[in-house]
Each structure stands twice: as C-alpha cells, then as structure tokens.
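Hello,

Please find the structure below. My notes on the protein surface around the DNA follow it.

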Protein chains: 2
Amino acid sequence: MPTLDEVARMAGVSRATASRAINGGSRVSAKAAEAVAEAVRTLGYTPNPAARSLVTRRTDSVAMVIPEADERVFADPFFARTLRIVTRALSARDLQVVLLIARPGDEEERLLRYLRGGHIDGAIVVSSHRSDLLADHVADLGLPAAFVGRPWTGAHRVSYADTDNFAGAREVTQVLIDRGCRRIGTITGPADMSAGADRVAGWRAALDAASLAADAVVEGDFTEDGGEAACEILLGRHPDIDGLMVASDLMAAGALRTLERAGRRVPDDVAVVGYDDLGIAERTTPPLTTVKNPIGDMAEEAARLLLAQLDGTTTIPRRVVFAPELVRRTSA
Amino acid sequence: MPTLDEVARMAGVSRATASRAINGGSRVSAKAAEAVAEAVRTLGYTPNPAARSLVTRRTDSVAMVIPEADERVFADPFFARTLRIVTRALSARDLQVVLLIARPGDEEERLLRYLRGGHIDGAIVVSSHRSDLLADHVADLGLPAAFVGRPWTGAHRVSYADTDNFAGAREVTQVLIDRGCRRIGTITGPADMSAGADRVAGWRAALDAASLAADAVVEGDFTEDGGEAACEILLGRHPDIDGLMVASDLMAAGALRTLERAGRRVPDDVAVVGYDDLGIAERTTPPLTTVKNPIGDMAEEAARLLLAQLDGTTTIPRRVVFAPELVRRTSA
DNA sequence: CGTGATTGTGGGAGCGCTTCCACCAGAATG
DNA sequence: CATTCTGGTGGAAGCGCTCCCACAATCACG
C-alpha cells in the first residue's frame, strides 16, 4: 500500500502539500496539484482511513441500528425497504452504512459501547419498543442520530421521521363503518411498539365516534402466522364479527387464511382492512384495502435529518410526520 | 473521551501494561490487571478504533457486497435472508458488517477503491453476474473473501458456497415429466446469472433425457411482474403447454396469475413448479411444488469460509456446494 | 550462592495522516 | 523604496494505540 509520503516524494512536494492537494486543494498551486494527482494515479494511492480518522475524528460511516430479535427483522419487508433507502441516501454522500442488529436487552450494552466508541459519526435507528431506551441513550451520548418511527421513550430528545399511525388507522376503520360493518374487531401490533399502540388507538377512536363497541381486540406480533392465530382467537371470542381492521398487511394475510378456513367470505361476511401496503396487500385474495405507510418518505427524511446534524446545520431535535394514504381494494 | 494514557495513569501502570491488560492480558500480573479493569470501568474507557486499526492493520469489520441495481435488491427475499444470516454469523465474532450496494458498472470503480482502501478486513460477495468481474478483482487484491453463489467469472480463484442449481432444476422438472406432462416450458432467470443459467440447463437436461422438446423458453428477471409477463409470452407462443418450470417462486407467483387469467387450471391444465421455497411458495394458490434453495446453509458457509481466511487458517480457495431439496405441494 | 530461565514492566518508536505555524517569494500599497 | 498583504510551501507536532525491546525482579536448580 502506497503512503502519502511516497506520493509526495514522487510529486516532488512535501507531505503537507500533497495532503492539501488531495483534500479540497485550496492553497495549492495548479502545478503542484497536477503533479500530486499524477502521482496518485500511477501509484494507485488510497488514503488510509484509520490514519485519517485518527486525526480528523470522523469516520465517514453511519450505523443503521435495528434493535430486534433477528428472526423477526427481515420477515417484514419494512426493514429491508428502510435499509435500502437509507443506504442509498447516505452513500450519495459517501457515507458507509454499518449494519447493527442487536437483540434488545441481551446485546444492548455491546451496542452502546459500539455507538460510544467512535466507530461511526452518527446513527439511524429503527426502534420504537417501550422497553428500549435507545433514544435516551443516544441523546445522552450526544451522538448525531435520527429515528425511523417515533421512539416510545425519549421521543422529544431526538430527531425522528414518522407517519400518523393514529389517523391512518382511524381512516381505514372508517371504511369498514361506512360500508355498514357494525361489529368491528382488530388484530393489533405488539402493544409495546408505538406503531402498534397508535393504530389500536385510531381504531378505537373511529369506533367511539360511531358509538360502536370497541372490545374485540387481540394482540398480534406483526407476523403472518401471528395474524392467523390471532384471527382464530378473535373468531372464537366474537363469532359475530363483520369487520376486521388488522394492524399490518402481513398479519392480515394470515387472518385471511383463517377466515377462509372458517368459511367466512371476504368482504361479504367479514370485511377486512390492513395496514402498510408494501406489496403484499395486492397479492392476497382478495386484495387488501389498506393504508399506505410512507416508509420511503420516512427513511429518506431520517437520512436528511441525520445529515443535517452531521453538517452541524442544526442540533435541536426535529420531528417530521408524513400523512398516511388510504388504498382501496376489494377486501372492504 | 478518555484515552489509554488516562487509564494507565489512574491504574498506576504504564500505557504498555494497560494495553496488554486490555487485550488478552498475558504477561500481566493479577494486581495490575485488576487495577486497569477498575480504571476502565470508572472512566468508561473505550479503545479508539482508528488508532488501534492504524497499528494492527485490522478493522474488525467486513463488507457485504451486493452488486445489483438497488431497486431489485430487496424485492427478492434472497438478499434480506442472506444479509441477516451473514450478519449474525459474523457479529458472533465481533465483526461488524458494512453494507455495500453498488450498481454494477456505474459505481464499480468506487466499490473497488473501497475494498482496496483498508476499510475492511474481508468481504462477503453476493454476485453471479456475467458482466461483473468482482471475483477476479477480489482475487487480484488478495482480499479475504467468500462468495454466496458461484461467481460467473473467476470462480476458481475465490472461495464460494453454492447450491446445485442444475440438479435441483432437473429434479423438479422430472416431477412434471413423471406426472405425465409432455409439453414443458420454462421461465428462466436472467441469462447472465449463474443461478439462472444453471437452472435452464437442468430443465433442458431433464427434457433431453425424456426425449421431450426443449424449446418453450422465455427469459424472466426474477421478479413477480416479470414472471407474469413472461408467462403471457410463453402462452402466446406455445398454447399447448401442459407443464411449466419457473426458475423462481416469485416469478412463478406471477405466472400463476397469468394462468388464472387465461383460464388454465393448475395443476390440471398446466402443472407448475418453482424454485427457492423462501416462504412465498406456500402462500400462492395453489401452493407451489418447488425446490428448497438452501440459502441459510450457503450464507453460513460463506461466513465460515471468510472467517477461515481471516484467521489465516487457509488461503487456498474452497468451494462448498449444498444439495437442493424437492418440496412437493399441489401445483404439480 | 552463582547461573539461567521466567515473568512482569515501562520506555519509546512508529503506524499514516492532517493541520498549525513559520516562512518566503512576489504583488500591491503607501 | 519601505511596508503590508497575499498565495504557496514545508517542518513538525500529534492524533491514540500496539508492540518491540531492554531491563528488573523473582524463581528453579545444580
């Protein structure tokens, strides 16, 4: 590996000048700059990132933190999509994305050590569990960071991009009410996640406004199998259900399987709505009426929020909330 | 940020002893080790990775390289699954995974600069396009690396884990032959990917052995919409088809949609088999007879192959090929 | 009690880079 | 002609760490 010294020697300049020429090039004569460029080319020189980072105190890499048990992480297209978009947005600025999947509790200490250790300049965190205190920890560290989805705890101390899950859930539940459903149940997301909690709240608000009973509730886990099982329980407890708002399309796909097995026609016997619209909703039979979760916007915005902090443009926490959008198909 | 110097001073030892105590601890007295540990704890010391890396010439991080146009990357569950498994396997060894998604051609130069630049100790590459010369480049660099899936070019120069796509495709095509299909078409993967090419070859071999015509071929792109479109073309050209081997379940799901629209019953009019069995195959109607692509095994093995090189255990390229496994469902 | 091994320790060099600072030529100003 | 600026340059310090090496202390053994 060639070093800056060799480049400088070959170009006939000092190491200081060579360094200046390579970074930005202000205060360097055209002649010197050209000689350095030439030397870099012939030597195939690449600056040693460790040495550079040691003095600049920047690493030009950013962590993408996913505090989930990793079995769940990629079953949901949510994470993959977020990861892809964040990666693209950041690599446009020559930042590398370091992937950190940490089981909560278990590996939290190790995760924090990593975040604190100067490996990375900032972090994008996809986290909204009640139990994890990542937002507080990150705020304590003073680490530039942006959250995708409102963190359950410490939300006011960090920047985040979110969508209005409450409004989205209320709106899609209203679709059920408008088509005449009178006994409307829900399969929720995990109760310890902000998206889960907000969506039940939206469901409940719609029912309350229509003076309908809001007691047919079963908690799911955002997986397809979980939706299938939850729907069975729900059907057992409330056989008279004629409408079902499921907190994610993946769970809704599972619920549809249960309904079919139970001989309930969708939407005639039971109308079903989902949430997310990440592709799976159009492939179910029947295709799901759902709410578009603008995760593309959220992920991009989170990247922007992080970049603003890295640039030092701003240091006060900002929140950006995107509106969800109703998507009508045939399941309700 | 506390430095090693401060730790050493607080522990009442030299910087050298403190360093030894922190790494491994051989040739350090119990008393000194304890004093250092105590100082580390109270100071909240974390070694500066840049400084350490500068002298050890290791970074303890590994690149996961995905040379695909990123729109395609996460539509297929293949990448997400691979990524998850590799990440888990490597983080068990305290290696961080840096995600590199590079559009081929376009950003190849930048990718190679990154790989060469000392940012990472090794790479896991998911690549098997004819056009990319990553295997050769990586071999030229002498960078420890392992490929998931046989690279199209330079395969003999690098370690890789693969599955026998030829055998798998032949076997699943035989299912069609055995059930009495006599006019068997295929929707292939991209012709410039080794998995795509191997699977058509397997299909062809099965038909040749049974003395059946092997001319009903349309190229697909491993996406659901692509499968749908390819199936339309195929049906137009060869309306007499009674069997269809599709090179991926995702494409097969699209093909099933086309068949349904065309009024062909599956499997009675046209029997269909897919490839991959990554979850989607059980959700189609009817569920797909397919071949299990052992990507979990492949990803884990690739991680192992890389670790072996990082440990210096071995330097000669090794290949590991996993057997595919037939999964019978109702589509054929 | 001398010799040689063994264990623990600290001094110091040096990894490759950026950046501060002193310097110098030459242009612009009084 | 003396003076202030400039733009351009190189010397040298120092980022925080590991590890080589010299050295001291302890031990085993004849």
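**Strand C**

H4(A) contributes five residues to the surface near DNA strand C, the most of any element. Please keep in mind that this is a predicted model. Four helices each supply at least two residues of that surface: H2 (15-22) and H4 (49-56) of chain A, and H2 (15-22) and H4 (49-56) of chain B.

In total, 27 residues surround DNA strand C. The closest are A:Leu4, A:Ser19, A:Tyr45, B:Ser14 and B:Arg57. On the DNA side, sugar and phosphate make up 65% of the strand C atoms that come within 4 Å of the protein. By class, the surface near strand C holds 13 nonpolar, eight polar and six charged residues.

Three polar side-chain contacts to strand C are worth finding on your screen:

- A:Ser19 places a polar side-chain atom 2.7 Å from a phosphate oxygen of DNA strand C.
- B:Ser29 has a polar side-chain atom 2.8 Å from a phosphate oxygen of DNA strand C.
- B:Arg15 goes to a base: an N or O atom of the B:Arg15 side chain is 3.2 Å from a base nitrogen of DNA strand C.

A:Ser19 is thus listed twice here, once among the closest residues to strand C and once for its phosphate contact.

**Strand D**

Now the other strand. DNA strand D has 27 residues around it. A:Thr17, A:Arg57, B:Leu4, B:Ser19 and B:Tyr45 come nearest. Of the strand D atoms that come within 4 Å of the protein, sugar and phosphate account for 67%.

Which parts of strand D do the side chains of A:Thr17, A:Arg57 and B:Tyr45 approach? Taking them in turn:

- A:Thr17 has a side-chain N or O atom 2.7 Å from a phosphate oxygen of DNA strand D.
- A:Arg57 has a polar side-chain atom 2.5 Å from a sugar or linking oxygen of DNA strand D.
- B:Tyr45 has a polar side-chain atom 2.3 Å from a phosphate oxygen of DNA strand D.

H2 and H4 of chain A, together with H2 and H4 of chain B, are the elements that give two or more residues to the surface near strand D. H4(B) provides the largest share, five residues. By class, that surface divides into 13 nonpolar, eight polar and six charged residues.

**To recap**

H4(A) leads on the strand C surface. H4(B) leads on the strand D surface. For a base contact, look at B:Arg15 and strand C.

Best wishes

Definitions and conventions. Residues numbered from 1 in each chain as written. Chains lettered and ligands numbered in written order. Predicted model: local features only at pLDDT ≥ 70, side-chain atom pairs only at ≥ 80, totals over all residues. Heavy atoms only, no water. Near = heavy atom within 4 Å. Polar contact = N/O pair within 3.5 Å; in protein donor to acceptor, adjacent residues only side chain to side chain. Nonpolar A, V, L, I, M, F, W, Y, C, P; charged D, E, K, R; others polar.
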